[in-house]
Amino acid sequence: MTWDASFFARNAIDVASDLVGFELQVSGVGGVIVETEAYLHNDAASHSFAGATKRNQSMFGPPAYSYVYLSYGLHWCLNFVCLPGSAVLVRAIEPKCGLEIMRQRRAVDDIRKLCAGPGRVCQALAITGEMNGLPVTDPAFRLVLRPAPVDVAAGTRIGITKASDLTWRFGLKGSPFVSRKF
DNA sequence: CTATCGATTGTCT
DNA sequence: GACAATCGATAGA
């Protein structure tokens with residue numbers, strides 16, 4: 001399997017599952033995506049559920065673009081847009097490149113805590129709202145196909161109050177770098 | 001290990 | 001004015 005922009009023009013659930021094992025870097029810093037979540041248009045937990053607004057307009061733009069938003073007034077979270085109104089949240093990365101840079105940005109030494117959580121991922125990779133609406137093909141990003149198929153675990157999404165029973169959270173089976181065990 | 005709570009601000013009703 | 005796709009610190013089992 002190779003990938004191009006059409007990789008994202010599919011059901012976000014499939015994209016979220018398939019994205020596990022891909023390598024993601026921002027300006028050379030990053031690692032392997034080990035945890036994702038899917039958010040659909042017809043999904044009460046999704047920012048797009050009530051229709052397009054100024055904040056979520058990226059979710060209604062073309063697939064394979066970023067949707068970056070501020071959570072709880074202090075944490076940035078990174079998504080990749082799939083079919084209109086849907087997206088995949090990048091929840092955790094296994095750090096591989098630029099470990100010392102990430103440690104400085106995060107102010108922690110423990111490699112397991114560098115990128116285990118959507119807010120932590122963005123802090124470690126220096127992702128902010130300025131990167132909202134960028135194509136994933138932008139030079140700032142580097143997204144690399146996983147070298148081989150991986151075992152993917154599924155579970156319920158984290159931190160939401162609506163539609164919390166849906167198992168739209170995916171992770172690399174057995175990875176110690178996920179934000180919570182499956 | 002789990003549970004609880006405060007921080008902090010953009011967004012929407 | 002209420003709430004939020006989170007995090008880190010702290011307290012207790």
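## Strands, a covered helix and two DNA strands

Strand β5, residues 87–97, is mostly covered, with 9 of its 11 residues buried. Buried means under 20% relative accessible area, exposed means over 50%, and partly exposed lies in between (1.4 Å probe, protein chains only). Helices (H or I, at least four residues) and strands (E, at least two) are DSSP runs, numbered from the N terminus.

This is a predicted model, in which local features need pLDDT of at least 70 and side-chain atom pairs count only at pLDDT 80 or more, while totals for chains, interfaces and linings use all residues. Residues are numbered from 1 along each chain as its sequence is written, chains are lettered from A and ligands numbered from 1 in the order in which they are written, and side-chain values use heavy atoms, with hydrogens and water left out.

**Partners of β5**

Two strands pair if DSSP finds at least two bridges between them. Strand β2 (residues 29–39) runs antiparallel to β5, and 9 bridges join them. Here V32 faces E94 of β5. Strand β4 (residues 75–81) also pairs with β5 in the antiparallel sense, over 3 bridges. F80 stands opposite V88 in that pairing with β5. The hairpin of β4 and β5 has 5 residues between the strands. In this hairpin, G85 takes a positive phi near 85°.

**T36 in β2**

T36 belongs to strand β2. Its relative accessibility is 0%, so T36 counts as buried. Contact means heavy atoms within 4.5 Å. Leaving out residues up to four places away in sequence, T36 touches A16, S17, L19, V20, V88, L89, R91, W168, R169 and F170. A polar atom of the T36 side chain lies 2.8 Å from the backbone oxygen of A16.

**Helix α3**

Helix α3 spans residues 118–125 and is mostly covered: 6 of its 8 residues are buried. Which residues of α3 are buried? They are P118, G119, V121, C122, A124 and L125. An α-helix has 3.6 residues a turn, so residues three or four places apart point the same way. The cover over the buried residues of α3 includes β1 (23–26), β2, β4, β5 and α2 (99–106). After α3 comes A126, with a positive phi near 60°.

**Cysteines**

A disulfide is a pair of cysteine sulfur atoms within 2.5 Å. The structure holds 0 disulfides. Why does C77 form no bond with C122? The sulfur of C122 is the closest cysteine sulfur to that of C77, but at 5.9 Å it is too far for a bond. Both residues are covered: C77 counts as buried at 4% relative accessibility, and C122 counts as buried at 2%.

**DNA strand C**

A residue is near a molecule or strand if one of its heavy atoms lies within 4 Å of it. DNA strand C is surrounded by 21 residues, the closest being H47, Y69, Y72, N79 and R120. Those near the strand divide into 10 nonpolar, 8 polar and 3 charged. Ala, Val, Leu, Ile, Met, Phe, Trp, Tyr, Cys and Pro count as nonpolar, Asp, Glu, Lys and Arg as charged, and the others, Gly among them, as polar. β3 (66–71), β4, β5 and α3 each supply at least two residues of this surface. Sugar or phosphate holds 54% of the atoms of DNA strand C within 4 Å of the protein, and the rest belong to bases.

**DNA strand B**

T53, K54, R55, Y72, G73 and L74 surround DNA strand B. Of the atoms of DNA strand B that come within 4 Å of the protein, sugar and phosphate account for 69%. The residues of the surface near DNA strand B divide into 2 nonpolar, 2 polar and 2 charged.

**Polar contacts to DNA**

A polar contact is a pair of N or O atoms within 3.5 Å; within protein, one must be able to donate a hydrogen and the other to accept it, and residues adjacent in sequence count only if both atoms are side-chain atoms.

| Protein atom | DNA atom | Distance |
|---|---|---|
| H47, polar side-chain atom | strand C, phosphate oxygen | 2.5 Å |
| N79, polar side-chain atom | strand C, base nitrogen | 2.5 Å |
| P118, backbone N or O atom | strand C, phosphate oxygen | 3.3 Å |
| Y72, polar backbone atom | strand B, base oxygen | 2.5 Å |
| G73, backbone N or O atom | strand B, sugar or linking oxygen | 3.5 Å |

**Before α1**

A5 sits in the segment before α1 (12–19). With a relative accessible area of 42%, A5 is partly exposed. The C-alpha atoms of A5 and V20 are separated by 17 Å, and the two residues are 15 residues apart along the chain.
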